[in-house]
Amino acid sequence: MEMFKTISIALVALRLNALRSFLTMLGIIIGIASVIVMVSVSSGSKQEIERAIDRLGSNMLTIRPGTSTTGGRHGGAGSAAPLTEGDITRLKERFGFLEGVSGSLSTSAPVVFGNSNWTTGIIGIHADYIKVRQWVIEEGRNFTDREIRSGAKVALVGQDIIEHLFDGNPSVGERIRIKNVPFTVIGTLQEKGESTFGRSLDDVIFIPISTARMRVSGRSSRGVPDMVGNIYLTVDLNRDIRIAEEELVEFMRELRKLAPGAQDDFSVRNFSEFIRARNETSSTLGLLLAATAAIALVVGGIGIMNIMLVSVTERTREIGLRLAVGARRRDILMQFLVEAVTLCLIGSFFGVVIGVGAGELVQRFSEVPVLLNIPIIFIAIGSAAFVGIFFGFYPARKASLLSPIEALRYE
Amino acid sequence: MGGEVIHALRDVSLKINKGEYVAVMGPSGSGKSTLMNLIGALDVPTSGDLVVNGLNLSGQESDTLADFRNLTVGFVFQQFNLLSRTSALENVKLPLFYARHLGSINAGERARKCLQQVGLSDRMHHDPTQLSGGQQQRVAIARALVNQPSVVLADEPTGALDTKTSVEILDLFQQLNDKGITLIVVTHDPEVAEVSRRNLLFRDGRLVDDVSMARR
């Protein structure tokens with residue numbers, strides 16, 4: 001018996017009970033559509049997280065000065081000894097696997113160009129900073145080591161600065177004043193967009209870290225003339241970042257002469273891990289939603305089973321007749337199984353259409369990121385077929401085991 | 001109730017030859033329907049042998065029995081048992097759908113011929129509800145004939161029809177028998193008994209009378 005004919009029989013049977021078939025399908029349609037929407041939303045936010053990590057650099061570590069503990073009393077953040085140029089030099093000497101190391105001394109200051117002004121973040125950096133934080137110089141050039149050492153009055157400006165201070169005009173070569181100190185713009189930074197926390201990353205001006213210490217931040221106080229704020233560094237990608245992190249902690253404790261058992265007065269952070277952890281809840285939630293959708297699919301399957309049982313009972317005489325004219329038990333089994341699977345597949349087709357449409361709407365009208373992946377469509381259709389076989393099997397088997405005489409006699 | 005064993009048929013020894021026209025008679029519960037179910041392989045005997053067209057039906061696989069029902073016998077039922085909302089032509093094609101050994105034959109063509117044979121060429125695309133009882137029974141007969149069976153088994157074929165229509169159906173049976181098809185008809189109808197060539201009378205599961213008629 002050809003499968004094609006069996007499918008056509010199933011289609012005829014389903015068409016004869018069009019309304020009932022549709023209502024039965026509804027369960028599958030809703031199940032499949034919600035699976036697709038939920039998975040799309042959850043993979044959309046997952047993709048967003050990965051992008052954020054990429055923006056940050058997955059091999060980047062941050063060292064910050066922490067709190068000091070004196071006699072059991074914790075000082076506030078930054079109360080411990082600051083990090084210094086010396087620390088950076090020693091880190092570079094000690095660890096060959098560091099790809100780039102930079103200090104970062106930030107402050108906020110008004111900036112003036114011609115007769116416009118703008119208050120923005122000023123960050124004193126080493127030349128490596130650009131590489132470590134994955135910035136791209138759009139026009140002009142990065143700082144040279146010489147400029148960094150000598151405290152040159154040069155600056156790199158972000159896109160927001162170009163927009164607000166220069167009205168979008170070319171800025172390389174122009175002179176700006178930061179806290180009344182004249183600087184020459186030597187380069188511009190390519191746009192980075194918003195951070196995961198929704199703040200614009202492009203509202204920033206970079207200057208050499210020594211210049212920042214001497215001219216801008218005015219915090220070379222506290223007897224530390226070569227402080228560097230936080231240290232950002234990137235680790236060779238072939239290196240396990242967690243092990244590198246532990247080695248760094250160990251080395252920093254040595255540098256800072258911490259007694260064994262004493263608390264760290266600095267912190268080493270792996271930001272990509274941090275973001276992952278922060279978003280773990282949201283991906284768990286996504287999974288939970290997908291699981292709920294899968295339950296909807298199972299409920300749809302039970303609906304299929306229910307209606308197939310009704311259909312088998314209703315068509316007992318038909319089954320008897322088919323057996324009498326030569327249908328084998330397997331033919332009857334296949335007939336009802338194919339009917340259930342066809343029901344599910346047609347349902348899943350509509351479910352996919354609705355699910356994709358709904359995902360499209362979510363993307364268009366909400367902030368929720370949506371990523372529709374093609375495999376999930378096939379998985380959805382496949383699982384619908386599975387539901388059809390699983391829940392269709394019992395009724396189909398029941399039909400195939402009917403005694404021809406009793407089936408023919410059935411009223 | 002309980003463990004009581006009921007023998008629908010017992011001690012029946014019977015031979016029906018090719019081309020015979022047999023009427024099986026008897027009161028309700030006499031076992032005549034069971035006989036027909038056994039010959040048609042809808043049921044299997046608890047004991048004893050039953051050979052139809054060279055095949056011993058006792059102890060066969062259900063697939064073998066299905067193929068036997070498909071190719072060797074054709075059934076005609078009292079209630080016609082046509083698929084509702086399915087055209088006469090499609091109803092007649094049904095046994096061909098399960099005919100595995102036929103290979104690629106033109107099912108539509110063959111079904112059309114059978115409908116012609118029962119005089120329904122102009123009703124092929126009608127649904128059973130659009131046909132009279134007699135016409136429905138003709139569709140059922142066409143369906144029984146479509147796989148060119150050796151035996152046609154009819155269970156009260158005129159039971160649901162009026163006298164005039166019954167006569168038409170019996171004429172049709174006569175024509176089929178004239179073409180060499182073996183006919184076994186279970187019936188209460190004395191008319192049927194009259195046109196057949198051999199009458200089997202059953203009572204309480206036993207064959208009590210076997211009368212052959214002279215050829216008319």
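In this predicted model, 47% of the 411 residues of chain A count as buried. The chain carries 13 helices and 13 strands. With a radius of gyration of 34 Å, well over the 22 Å that the globule rule gives for 411 residues, chain A is more spread out than a compact globule. The C-alpha trace fits this picture, spanning about 105 × 55 × 35 Å along its principal axes.

Contacts and surface add to the portrait of chain A. Among contacts with a separation of 6 or more, 76% come from residues 24 or more positions apart. The accessible surface amounts to about 20400 Å², and carbon and sulfur atoms account for 58% of this area. As for charge, chain A has 44 positive and 41 negative charges, whose mean positions lie 3 Å apart.

Turning to chain B, a good place to look is strand S1, which covers residues 21-25. Five of its five residues are buried, so S1(B) is largely enclosed by the rest of the structure. Burial holds on both faces of the strand: Tyr21(B), Ala23(B) and Met25(B) point one way, Val22(B) and Val24(B) point the other way, and all are buried.

Strand S1(B) also has two parallel partners, S6(B) and S7(B). Four bridges link S1(B) with S6(B), which comprises residues 182-186, and here Val24(B) stands opposite Val186(B). The pairing with S7(B), residues 198-203, likewise runs over four bridges; in this case Val22(B) is set opposite Arg198(B).

Definitions and conventions. Residues numbered from 1 in each chain as written. Chains lettered and ligands numbered in written order. Predicted model: local features only at pLDDT ≥ 70, side-chain atom pairs only at ≥ 80, totals over all residues. Heavy atoms only, no water. Buried < 20%, exposed > 50% of the residue type's maximum accessible area, 1.4 Å probe, protein only. Pairing = 2+ DSSP bridges. Rg over C-alpha atoms; globule rule 2.2 N^0.38 Å. Contact = heavy atoms within 4.5 Å. Areas by Shrake-Rupley, 256 points an atom, 1.4 Å probe, with all protein chains shown as cover. Lys, Arg positive; Asp, Glu negative; His and termini not counted. Charge placed at Lys NZ, Arg CZ, Asp CG, Glu CD.
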